[in-house]
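Trainee: I would like to go through this structure and ask why each label is used. Please set the values against the definitions.

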Amino acid sequence: MLKVKQVSYYKEYKLFVELSDGNAGYFDVFPYTDKGIFIQLKNVEYLKLVKVNFCGICWPAGQDFSADTIAYDMLQLPSKSINRTLPQ
């Protein structure tokens with residue numbers, strides 16, 4: 001089962017995500033911010049509250065994305081350029 005190992009806010013509406021399969025990249029939340037419960041993610045300070053939750057990521061009010069959704073939509077980094085620490 002694919003899982004999110006680490007997540008951090010990167011910039012604008014992008015998150016840096018590392019997955020259990022070794023892939024890592026940037027997941028852009030912006031396309032989701034005009035839909036239902038995800039509207040709250042337009043607030044960048046709230047977006048920064050992202051945490052790993054079981055297999056995916058979540059926020060305090062219950063918004064979440066599965067690792068599979070993230071893997072499908074993220075801009076993947078080439079494997080040799082991945083630094084196993086999250087960007088600051």
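Trainee: Why is Tyr 32 called buried or exposed?
Mentor: Buried means under 20% relative accessible area, exposed means over 50%, and partly exposed lies in between, with a 1.4 Å probe and protein chains only. Tyr 32 has 17% relative accessibility, so Tyr 32 counts as buried. This is a predicted model, in which local features need pLDDT of at least 70 and side-chain atom pairs count only at pLDDT 80 or more, while totals for chains, interfaces and linings use all residues. Side-chain values use heavy atoms, with hydrogens and water left out, and residues are numbered from 1 along each chain as its sequence is written.

Trainee: What makes the rings of Tyr 32 and Phe 65 a pair, and of which kind?
Mentor: Rings of Phe, Tyr and Trp (its six-membered ring) pair if their centres lie within 6.5 Å; planes under 30 degrees apart count as stacked, over 60 as edge-to-face and the rest as tilted. Here the centres are 4.8 Å apart and the planes stand at 65°, so the pair of Tyr 32 and Phe 65 is edge-to-face.

Trainee: Where do the two residues of that pair lie?
Mentor: Tyr 32 is in the loop between E3 and helix H1 (44–47), and Phe 65 is in strand E6, 33 residues away in sequence. Helices (H or I, at least four residues) and strands (E, at least two) are DSSP runs, numbered from the N terminus.

Trainee: How many aromatic pairs are there by this rule?
Mentor: The count is nine aromatic pairs. One of them is Phe 27 with Phe 65, at 5.0 Å centre to centre and 70° between the planes, which is edge-to-face. That pair also links distant parts of the chain, since Phe 27 belongs to strand E3 and Phe 65 to strand E6 (residues 64–65), 38 residues apart. Ring pairs join Phe 27, Tyr 32, Phe 38, Trp 59 and Phe 65 into a cluster.

Trainee: What are the relative accessible areas of Phe 27 and Phe 65?
Mentor: Phe 27 has 0% and is buried. Phe 65 has 5% and is buried too.

Trainee: Why is strand E3 described as largely enclosed?
Mentor: Four of the five residues of E3 (residues 24–28) are buried, so the strand is largely enclosed by the rest of the structure.

Trainee: How do you know which strands pair with E3?
Mentor: Two strands pair if DSSP finds at least two bridges between them. Strand E2 (residues 14–19) and E3 have five bridges and pair in the antiparallel sense. Leu 15 of that pairing stands opposite Phe 27 in E3. E3 is also joined by two bridges to strand E7 (residues 75–76), again antiparallel, and Tyr 26 stands opposite Leu 75 in E7.

Trainee: What about strand E1?
Mentor: Strand E1 (residues 4–11) runs antiparallel to E2, with six bridges between them. Leu 15 in E2 is the bridge partner of Tyr 9. The hairpin of E1 and E2 has two residues between the strands, and Glu 12 there takes a positive phi near 50°. In the hairpin of E2 and E3, with four residues between the strands, Gly 22 has a positive phi near 95°.

Trainee: What makes Lys 5 and Glu 18 a salt bridge?
Mentor: A salt bridge is a side-chain nitrogen of Lys or Arg within 4 Å of a carboxyl oxygen of Asp or Glu. For Lys 5 and Glu 18 the N to O distance is 3.6 Å, which fits the definition. Lys 5 lies in strand E1 and Glu 18 in strand E2, so the pair ties together parts 13 residues apart in sequence. Glu 18 is buried, at 3% relative accessibility.

Trainee: How many salt bridges does a search of the whole structure find?
Mentor: It finds four. Among them, Lys 14 and Glu 12 meet at 3.7 Å, N to O, and Asp 34 and Lys 35 have their closest N and O atoms 3.3 Å apart. Asp 34 is at 53% and counts as exposed, whereas Lys 35 is at 44% and is partly exposed. Lys 14, at 26%, is partly exposed.

Trainee: What does Met 74 touch?
Mentor: Contact means heavy atoms within 4.5 Å. Leaving aside residues up to four places away in sequence, Met 74 touches Val 17, Leu 19, Asn 23, Ala 24, Gly 25, Tyr 26 and Phe 27. Met 74 is in the loop between helix H2 (67–73) and E7, and its relative accessible area of 9% makes it buried.
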